[in-house]
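Hi,

Here is the structure I promised to pass on. Have a look at it first, and then read my notes underneath.

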Amino acid sequence: MRRNFLATALAVVLATAPAVFAQPAGDVTLRVDATNVPQKLIHVEEVLPVHAGALTLYYPKWIPGEHGPDGPVSNLTGLKFEADGKTIPWTRDLLDVWTFHVDVPQGASSLHAAYDYIESAGYSATDKLIALEWNEVILYPAGATSDKITYDASLKLPEGWKFGTSLPIDAEKGSEVAFKPISLELLVDSPVIAGEFYRSIDLPPRGDPIHHEIDLVADSAAALRMIEELPPD
């Protein structure tokens, strides 16, 4: 009788388990528009493959290299969700401000999220450059580890700006660059620096199968000029 009871209880648990544990197949599409960086504003659009029903989304809370739960969620603003062209209401978790809840309507296979990220003044962006940390501009679904979620990301920059990153590039068109699909884990670990004044320095050994370089951005061309040799002591 005990075995039958446990088997029945397990069946009930599995039948009522949240759908987030079975993520739909497909990449998350992420479009980041940084053309308003001089105004300290980044526009973001994200499309997530979804199933109908309750969905939990996270804004990154624990960041690699940080020593506390300090993901800058207070800089996230204007959050809006849509499915099949209709606005979907959302709620913030009562116990965790980095967590959002959405009810995906029947028949919807994708969820469109639009929001803005406000850059902290003087921290990682000026009117001439930006150091983009991807964790600042993403939402991700509960129920899957960061190495199992794939992002199809692109970045639009102010006209004439150049950039440096370790991300593999898929295509460039004008001021927009599309990156090859990559896991959330590696995306967050691959920031982009970009600016009006940019310089790339190749590092030896030249001809090595793995290319090594230093990417630099600055607020002026003069700041990028580096002397070839150190002065004597």
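Below is what I found in it, going from the whole chain down to single residues.

First, a caveat: this is a predicted model, so please read everything here in that light.

**The chain overall**

The chain holds 18 strands and 2 helices. It has 233 residues, and 34% of them count as buried. If you take the contacts with a separation of 6 or more, 67% are between residues 24 or more positions apart. The accessible surface adds up to about 13,900 Å², and carbon and sulfur atoms account for 56% of that.

**Strand β1 and its partners**

I spent some time on β1, which covers residues 28-33. In a regular strand, side chains alternate between the two faces of the sheet. The β1 strand has V28, L30 and V32 on its covered face, while T29, R31 and D33 make up the uncovered one.

β1 pairs with two strands that are worth a look. With β11 (residues 150-156) the pairing is parallel and runs over 6 bridges. With β2 (residues 41-49) it is antiparallel, over 5 bridges. T29 is a handy place to see both: its bridge partner in β11 is D152, and in β2 it stands opposite V47.

**A three-stranded sheet**

There is also an open sheet of 3 strands, ordered β9-β16-β12, with antiparallel pairing. β9 (129-132) and β12 (162-165) are at the edges with a single partner strand each, so each has one side without a neighbour in the sheet. On average, neighbouring strands here are turned by 10° against each other, ignoring direction. The antiparallel pairing of β12 with β16 (residues 192-195) takes 4 bridges, and in it K162 stands opposite G195 of β16.

**Two positive phi values**

Which loop residues should you check for backbone angles? One is K40, in the loop between β1 and β2. Its phi is near 65°, a positive value in a residue that is not glycine. K40 is partly exposed, at a relative accessible area of 22%; the cut-off for buried is under 20%, so K40 does not count as buried.

The other is D84, in the loop between β4 (76-83) and β5 (86-88). D84 is not a glycine either, yet its phi is positive at about 55°. With a relative accessible area of 58%, D84 is exposed.

Shout if you'd like to go through any of this together.

Cheers

Definitions and conventions. Residues numbered from 1 in each chain as written. Predicted model: local features only at pLDDT ≥ 70, side-chain atom pairs only at ≥ 80, totals over all residues. Heavy atoms only, no water. Buried < 20%, exposed > 50% of the residue type's maximum accessible area, 1.4 Å probe, protein only. Pairing = 2+ DSSP bridges. Contact = heavy atoms within 4.5 Å. Areas by Shrake-Rupley, 256 points an atom, 1.4 Å probe, with all protein chains shown as cover. Axes fitted to C-alpha atoms, helices over the stretch in contact; angles between N-to-C directions.
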